[in-house]
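Got a minute to look over a protein model together? Have the sequence and the 3D view open, and let's walk through a few spots.

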There are 4 protein chains.
Amino acid sequence: MGVFPNENATAHRYSGPIDRENALSSPDPYCLSRPAQRKARPRRREGLLDHLMARIAIVYHSGAGHTRKLAEAVERGVLAAGGQAVLLPVEAFNSDEPGPASQARWALLDASDAIIFGAPTYMGGVSAPFKAFLDATSQRWVRHAWKDKFAAGFTNSGNLSGDKLNTLTTIMLAAMQHGMIWISLGLHPPASDDLNGPGAETINRLGSFMGAMAQSSVMLVADLAPPAGDLRTGELLGERVAILTARFLGERK
Amino acid sequence: MGVFPNENATAHRYSGPIDRENALSSPDPYCLSRPAQRKARPRRREGLLDHLMARIAIVYHSGAGHTRKLAEAVERGVLAAGGQAVLLPVEAFNSDEPGPASQARWALLDASDAIIFGAPTYMGGVSAPFKAFLDATSQRWVRHAWKDKFAAGFTNSGNLSGDKLNTLTTIMLAAMQHGMIWISLGLHPPASDDLNGPGAETINRLGSFMGAMAQSSVMLVADLAPPAGDLRTGELLGERVAILTARFLGERK
Amino acid sequence: MGVFPNENATAHRYSGPIDRENALSSPDPYCLSRPAQRKARPRRREGLLDHLMARIAIVYHSGAGHTRKLAEAVERGVLAAGGQAVLLPVEAFNSDEPGPASQARWALLDASDAIIFGAPTYMGGVSAPFKAFLDATSQRWVRHAWKDKFAAGFTNSGNLSGDKLNTLTTIMLAAMQHGMIWISLGLHPPASDDLNGPGAETINRLGSFMGAMAQSSVMLVADLAPPAGDLRTGELLGERVAILTARFLGERK
Amino acid sequence: MGVFPNENATAHRYSGPIDRENALSSPDPYCLSRPAQRKARPRRREGLLDHLMARIAIVYHSGAGHTRKLAEAVERGVLAAGGQAVLLPVEAFNSDEPGPASQARWALLDASDAIIFGAPTYMGGVSAPFKAFLDATSQRWVRHAWKDKFAAGFTNSGNLSGDKLNTLTTIMLAAMQHGMIWISLGLHPPASDDLNGPGAETINRLGSFMGAMAQSSVMLVADLAPPAGDLRTGELLGERVAILTARFLGERK
């Protein structure tokens with residue numbers, strides 16, 4: 001394809017207009033050489049995927065950084081399972097001027113085997129910037145460009161339950177409109193005899209099934225929240241999507 | 001009306017086939033004389049409702065007793081706000097043989113100013129026995145018998161989030177089909193800097209808005225869960241429905 | 001209140017930055033004198049509401065004009081039932097610079113007895129501009145400024161069913177977050193023995209309950225769609241909200 | 001496996017207690033020899049699936065026969081795409097006495113590569129008998145017996161839109177709880193310049209994406225409704241699930 005990096009550079013991250021002013025005019029806006037700066041790259045599990053690498057795009061919006069933390073956890077999971085990952089904030093799409101940089105950005109999504117969508121829950125649903133991205137995908141929708149790709153989702157909000165399920169449902173419905181195939185979180189909820197519910201370290205702490213849910217107190221900055229269990233849940237979603245996608249790749253190509 | 005008890009007997013509870021074998025053949029299946037056994041009846045708040053009493057039916061299903069605990073909390077709230085309450089388990093409707101006892105039971109709902117619906121969340125939605133009750137209301141639906149009544153809802157499940165929102169949404173949609181008016185929980189979510197989230201004593205601990213949500217560990221019997229904060233949230237839902245319904249009663253009659 | 005017009009001027013429409021360049025600097029951005037231009041003002045039904053007029057704000061987004069047609073139908077219904085109506089496109093809020101004009105605009109919503117929200121369904125959910133408005137209401141949410149107001153909703157999309165229910169659910173959840181009280185559409189679905197389903201002239205043609213649904217072919221401009229039955233459904237929603245709100249006003253004030 | 005028939009007998013249908021009184025005690029409750037009675041078995045498309053046959057179970061509830069018509073359409077689609085299909089009404093599961101016949105019935109679901117779930121929309125959600133089936137799957141849920149199977153869904157109701165989306169969402173959430181992978185309908189909505197909307201012959205007439213939607217007038221018996229377009233939509237869902245499942249089978253085994 002040429003859009004995704006080669007197999008030796010599995011981790012890369014979009015760092016366009018959001019991080020660097022001149023990225024749009026850069027000949028290499030996707031910073032394919034950046035993986036070297038990533039410390040502690042997760043080791044690939046032996047034997048999981050011997051020859052096929054799933055290309056997973058993670059598109060997300062984050063207001064105060066908490067959802068970005070979750071998106072990065074999802075990315076770690078993809079890498080740990082031997083997949084390739086790109087992390088794309090929606091601002092990159094929403095602020096787009098038509099042109100080669102914009103085309104390259106959308107081409108990354110088009111070239112993905114799976115897209116994992118993530119948004120914070122604002123006022124009971126996906127944040128407006130994330131919805132603006134979803135609405136902008138209608139050009140892909142018209143020609144069913146993403147049909148049969150795999151999809152998954154995650155969200156973060158200030159409450160344990162809140163209306164997070166509506167956010168995941170809205171994301172999932174957009175994926176359904178695209179004719180995609182939705183991968184569940186695939187984790188049992190925890191059992192705990194603590195009246196407060198499962199603690200901050202617990203995997204699938206909130207008991208979600210359609211995607212990964214995280215909760216970050218509005219009083220805690222993104223360095224402190226979401227807690228470890230929620231981030232680990234995000235990692236496991238990334239792993240699961242990478243593994244299932246790779247498993248199905250043989251027949252798709 | 002004759003169906004609801006007089007104003008001096010605001011608390012009464014259905015105790016038919018579920019509790020007593022011979023209730024269906026009893027001339028007084030609603031046990032209107034039982035309020036005397038209730039200890040510690042909540043004091044009515046002075047001045048809230050001077051002359052009008054909202055008649056609130058609480059229809060619920062409970063598998064292991066946790067949702068019943070929540071239903072009883074909702075009832076306490078109704079009483080605390082000066083309303084009249086009947087607590088009706090769905091089994092009373094689902095096992096119905098046509099006849100006078102059945103008619104009296106449905107007449108209680110027909111005579112209510114508001115109905116608060118409650119169900120546990122099983123496999124991502126309302127429990128089947130509760131859905132059987134909702135389906136049985138279609139005879140009321142055909143003639144819009146409950147149009148413009150007030151409605152509200154609550155649910156309990158083993159997980160902090162789970163798919164509780166889908167349960168409330170399904171209950172609410174049935175109320176919408178009836179042409180009812182839905183009262184939100186009306187509580188802000190808690191703010192907490194605890195990474196584990198708000199503790200078991202916290203009001204609106206789970207951060208819900210459409211109705212009251214409770215979480216009971218599957219490892220804890222109904223004597224121990226849902227925790228105090230969730231039960232208090234149920235009480236506040238009952239209070240709110242009773243107060244708003246009474247406020248609007250003057251113009252409705 | 002001073003924000004809503006007096007009782008003799010029940011129909012007025014926001015015509016700020018969207019329609020007129022200089023509206024923001026106008027001392028009278030809400031054009032309270034404009035009702036005179038409205039031809040064929042619906043006659044107020046005799047005896048419905050003798051002394052109280054419900055103040056109903058209709059906030060909507062429309063991409064190609066179809067949802068605006070529906071919003072105007074809702075407005076006609078409010079007026080027909082003797083209510084006061086303001087029609088507010090979300091662009092007025094989304095483009096806001098802080099200042100007196102912005103404050104006056106939000107004050108209209110704050111002064112309303114009920115708010116009816118409307119949005120097209122894009123990619124399975126509320127349009128992004130409407131979601132941006134919902135997210136901006138979080139300042140009202142923090143202080144529960146709209147608690148106990150009545151709310152209702154409507155949507156339009158290109159498909160008969162589509163994902164319109166998700167749009168209404170998302171709107172409703174935002175209203176729930178505000179602690180509002182949701183008024184159902186309150187209409188039975190039509191019965192029809194036509195295999196094609198109820199025709200374009202039919203009230204509640206699509207069989208909706210949570211709010212008003214309309215369908216406009218993407219091949220038809222807003223002069224032609226949504227069809228008459230859907231617009232009449234919108235009118236009936238406006239009537240219903242105005243009547244119920246006025247009925248409850250006596251106790252609220 | 002032994003539970004599904006061999007490749008030469010791709011069509012078979014459960015005909016236990018619902019159709020025949022003595023089925024439960026029959027040594028062959030699944031009537032594996034019945035395909036011969038099926039006239040006009042759809043021709044298998046050449047080259048689609050050369051060696052792998054997806055085993056697809058279709059579990060459904062039907063009150064008045066309309067949803068069964070849709071279920072049979074889904075089955076035709078599975079067969080047309082070269083898949084194996086079993087059609088299982090939920091009554092077979094809900095009336096179960098524990099025993100070998102019951103075990104064989106559940107074993108069919110356990111042995112499936114994909115399960116397509118279908119229910120009518122009653123009072124805004126899945127019918128109670130279908131919910132009873134979903135709740136009974138919790139024994140499979142506990143041991144994640146259906147994890148990574150494919151899933152899809154369909155529904156029928158009397159209205160064009162109604163609350164069908166909530167039915168599909170509830171089905172989908174149960175599949176998510178099982179850790180399944182959800183296949184979208186994958187069809188674009190029709191474009192039509194008819195004010196009445198797309199006609200009865202139109203594929204994806206109602207514009208659905210998460211699954212197949214059908215509408216049957218309550219005034220028309222199941223011989224007449226749902227209309228041809230909705231049934232064809234069901235067929236296409238069956239085809240799609242069979243094709244995608246077979247495509248992914250190679251890696252799964």
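Here is a quick tour of how some of the chains are related and of a few backbone spots to look up. Keep in mind that this is a predicted model.

**How the chains line up**

- Start with chains B and C: turn by 180 degrees, with 0.0 Å of shift along the axis, and chain C lands on chain B with an RMSD of 0.0 Å.
- That means these two copies are related as by a two-fold rotation axis.
- Chains B and C also meet through the same surface, because 100% of the interface residues of chain C are interface residues in chain B too.
- Now try chains A and B: a rotation of 180 degrees, again with 0.0 Å of shift along its axis, superposes chain B on chain A, and the RMSD is 0.0 Å.
- Which C-alpha of chain B is nearest that axis? The one belonging to S161(B), which sits 2.1 Å from the axis.
- For this pair, 100% of the interface residues of chain B are also interface residues in chain A, so the copies meet through the same surface.

**Cis peptide bonds**

- Some background first: most peptide bonds are trans, and most residues other than glycine have a negative phi.
- In chain B, A225(B) and P226(B) are joined by a cis peptide bond, with omega at about 5 degrees.
- Where would you look for P226(B)? Go to the loop of chain B that runs between β8 (212-215) and α7 (228-252).
- In chain C, the bond from A225(C) to P226(C) is cis, and its omega is near 0 degrees.
- To find P226(C), head for the loop between β8 (212-215) and α7 (228-252) of chain C.

**Positive phi angles**

- N204(A) isn't a glycine, yet its phi is positive, near 50 degrees.
- You'll find N204(A) in chain A, in the loop between β7 (181-183) and β8 (212-215).
- Is N204(A) buried or exposed? With a relative accessible area of 3%, N204(A) is buried, since the cut-off for buried is under 20%.
- Over in chain D, M123(D) is another residue other than glycine with a positive phi, near 50 degrees.
- M123(D) belongs to the loop between β4 (114-122) and β5 (125-126) of chain D.
- M123(D) counts as buried as well, with a relative accessible area of 8%.

Conventions
Residues numbered from 1 in each chain as written. Chains lettered and ligands numbered in written order. Predicted model: local features only at pLDDT ≥ 70, side-chain atom pairs only at ≥ 80, totals over all residues. Heavy atoms only, no water. Least-squares fit on C-alpha atoms with pLDDT ≥ 70 in both. Contact = heavy atoms within 4.5 Å. Helix = DSSP H or I, 4+ residues; strand = E, 2+ residues; numbered from the N terminus. Buried < 20%, exposed > 50% of the residue type's maximum accessible area, 1.4 Å probe, protein only.
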